[in-house]
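Me: I would like to learn how to read the features of a protein model, going one step at a time. Could you take me through a few of them?

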Amino acid sequence: MGNYFEYLHTVGFEETNLVGNVYYVNYLRWQGRCREMFLKLHAPAVLGELQEDLKLFTLRVDCEFFAELTAFDELSIRMRLVDLAQTQIEFGFDYVRLDPGEGETLVARGRQRVACMRGPNSRTVPARVPEPLTRALEPYVS
């Protein structure tokens with residue numbers, strides 16, 4: 001496997017349900033947060049384009065769960081590039097619990113497909129993936 005972009009997260013009480021495990025929707029939030037931090041650190045020029053007319057539409061998202069997470073678990077969300085087409089990107093995400101002294105446990109795996117679009121909200125059209133983003137993603141091919 002290729003390299004990955006890593007976003008570290010500590011699970012908080014607000015991310016758990018009444019039983020005490022992480023509520024499933026948080027895994028999808030963490031995918032988005034990981035993607036945002038990647039843009040901030042590795043493709044800041046794209047952030048400027050997002051303030052203009054670039055839009056990143058999430059077309060598909062999924063997550064498969066293997067183990068439970070609870071409050072204060074230390075988590076590594078690892079993002080890889082699965083597919084890069086002219087106007088779309090697919091990311092893969094591994095959710096890894098970091099167990100001090102015990103190693104790592106893969107707790108979930110997800111995917112997200114994103115389309116690049118440009119134009120006003122009433123007339124958006126597909127657009128090529130911006131070059132700064134393409135360059136930033138090169139090291140993260142899975």
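Me: Which residues does Leu106 touch, not counting residues up to four places away in sequence?

Reply: Please keep in mind that this is a predicted model. Leaving aside residues up to four places away in sequence, Leu106 touches Phe66, Asp94, Tyr95 and Val96. Leu106 itself belongs to strand S5, which covers residues 103-118, and it is partly exposed, with a relative accessible area of 32%. Leu106 and Phe65 are 41 residues apart in sequence, yet their C-alpha atoms are 9.1 Å apart in space.

Me: Asp94 appears in that list, so is Asp94 buried or exposed?

Reply: Buried here means under 20% relative accessible area, and Asp94, at 11%, therefore counts as buried. Asp94 lies in strand S4, and its side chain is joined to that of Arg80 by a polar contact of 3.0 Å. Among the residues that Asp94 touches, beyond those up to four places away in sequence, are Ser76, Ile77, Arg78, Ala108 and Arg109.

Me: How should I read Leu59, and which residues does Leu59 touch?

Reply: Start with its place, which is in strand S2, and then look at its relative accessible area of 49%, which makes Leu59 partly exposed. Not counting residues up to four places away in sequence, Leu59 touches Gln88, Arg113, Val114 and Ala115. With Ala115, the separation is 56 residues in sequence and 6.7 Å in space, taken from C-alpha to C-alpha.

Me: How can empty space inside a model be found, and how many cavities of 30 Å³ or more does the structure hold?

Reply: The general idea is that rolling a probe the size of a water molecule over the atoms shows where empty space is left. In this structure there is 1 cavity of 30 Å³ or more, and the largest cavity has a volume of about 40 Å³. Its lining is made up of Arg35, Leu39, Leu56, Ile89, Phe91, Val114 and Leu133, which divide into 6 nonpolar residues, no polar ones and 1 charged one. Helix H1 and strand S4 each supply at least two residues of that lining.

Me: What should I look for in helix H1, and which of its residues are buried?

Reply: An α-helix has 3.6 residues a turn, so residues three or four places apart point the same way. In H1 the buried residues are Asn26, Tyr27, Trp30, Gln31, Gly32, Cys34, Arg35, Met37, Phe38 and Leu39. You can also check the length of H1, because at 1.5 Å a residue its 18 residues should span 26 Å, and its end C-alpha atoms are indeed 26 Å apart.

Me: What is the phi of Phe72, and where does Phe72 lie?

Reply: Most residues other than glycine have a negative phi. Phe72, however, has a phi near 75 degrees, which is a positive value in a residue other than glycine. Phe72 lies in the loop between strands S2 and S3, and at 52% relative accessibility it counts as exposed.

Me: Is Thr16 buried or exposed?

Reply: Thr16 is buried, with a relative accessible area of 19%, and its place is in the loop between strand S1 and H1. A polar atom of the Thr16 side chain lies 2.7 Å from the backbone oxygen of Phe13. Beyond residues up to four places away in sequence, Thr16 touches Val11, Asn21, Val22, Tyr23, Thr70 and Ala71.

Notes. Residues numbered from 1 in each chain as written. Predicted model: local features only at pLDDT ≥ 70, side-chain atom pairs only at ≥ 80, totals over all residues. Heavy atoms only, no water. 1 Å grid on protein atoms, 1.4 Å probe; cavity = no way out; pocket = protein on both sides within 12 Å on 5 of 7 lines; lining within 4 Å. Points joined across faces, edges and corners; volume = space filled by probe spheres on them. Helix = DSSP H or I, 4+ residues; strand = E, 2+ residues; numbered from the N terminus. Nonpolar A, V, L, I, M, F, W, Y, C, P; charged D, E, K, R; others polar. Expected span 1.5 Å × (residues − 1). Buried < 20%, exposed > 50% of the residue type's maximum accessible area, 1.4 Å probe, protein only. Polar contact = N/O pair within 3.5 Å; in protein donor to acceptor, adjacent residues only side chain to side chain. Contact = heavy atoms within 4.5 Å.
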